[in-house]
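Q: Please take one part of this model and go through it closely, with the charged side chains in view.

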Amino acid sequence: MLLGSFEDYYYGYDDDKKHIMGYEEKISQLIQKYPPDETIIGESAKRDFIISFGSILRLRNILSSFDKFKGMEILSEGDFQNYLGKYEDLNEEFKSKSEDSESIKDDLVFEMELVRQLEVNIDYILMLVTKYHKSNCKDQEIRSSIDKAIRASMSPRSKKDLIDGFINKINADTDVMTDWAKFVKEQKESDLKDLIKDENLKESETRNFIDHSFRDGQVKTIGTDIEKILPPMGRFNGGNRNERKQAIIEKLLKFFDKYFGLGV
């Protein structure tokens, strides 16, 4: 596909007496209809925001291939992350809709692949935590930026409780990078022990399973490995056994998402 001009994508253009909105106009319309710090209320407004912001994500993806786009994004980093957070919130909300609302979701396309390309990594968040620490944990603007950065990406979202728990523990003597690694290691071990105990899992097999999952970058939910860690369950009580197994798998996936990518 041939790429159009930067000006066409950024400022819009007229085609067969029809005006095609560009990035600048779409951003202006977005800010006017949905201010960054305001909650989007109502099904109709949510649907409109999803469509509008999705088209902006597609335009940003194209415009990012032009060097001149740098510095012309209009939205501040904080506001853009705020919008990304709303977009991901709605993605989760619409995914969890009941069967009665399936028709509502059918015509909504979430640009989650483009969102993944904009992932905020944990190092960036820890840099913000360091700034917050240097303010003696008093700069609420930085604290708000941390929350926005967490909400803006799928990976940090699964680690929100972990990050918040660490922030709540920091004090004047904290070395953010060193103490973060120690905190994560201790919390991971505590959570794993609780998971094994609460679900009566086989400890040695579960630890091996978790280690292999982090090594492979995924939790294998089918096959013999998952069966080895499960507690004894009646094979002739099929329904309950399957439900119990699925509940354990969901907890394992949640644990994996929480700690994957943290290097511990």
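A: Setting aside neighbours within four places in sequence, Lys86 contacts Pro35, Pro36, Asp37, Glu38, Thr39, Ile40, Phe49 and Arg151. The model is a predicted one, with a mean pLDDT of 87 over the protein chain. Lys86 belongs to helix H4. Lys86 is buried but forms no salt bridge, and Asp37, the nearest side chain of opposite charge, is 6.5 Å away. The cut-off for a salt bridge is 4 Å from nitrogen to carboxyl oxygen, so a pair beyond that distance is not counted.

Arg151, one of the contacts of Lys86, is joined with Asp89, Glu92 and Arg157 in one network of salt bridges that share partners.

Helix H8 covers residues 140-151 and spans 17 Å from first to last C-alpha, close to the 16 Å expected. At its start, a side-chain oxygen of Asp139 comes within 3.0 Å of the backbone nitrogen of Glu141. Ile142, Arg143, Ile146, Lys148, Ala149 and Ile150 are the buried residues of H8, and they pack against helices H4, H7, H9 and H10.

Within H8, Arg143 and Asp147 form a salt bridge, with N and O 2.9 Å apart. The two residues are separated by about one helical turn because they are four residues apart in the helix. Arg143 counts as buried at 14% relative accessibility, whereas Asp147, at 27%, counts as partly exposed.

Technical notes: Residues numbered from 1 in each chain as written. Predicted model: local features only at pLDDT ≥ 70, side-chain atom pairs only at ≥ 80, totals over all residues. Heavy atoms only, no water. Expected span 1.5 Å × (residues − 1). Buried < 20%, exposed > 50% of the residue type's maximum accessible area, 1.4 Å probe, protein only. Contact = heavy atoms within 4.5 Å. Polar contact = N/O pair within 3.5 Å; in protein donor to acceptor, adjacent residues only side chain to side chain. pLDDT = per-residue confidence, 0-100. Lys, Arg positive; Asp, Glu negative; His and termini not counted.
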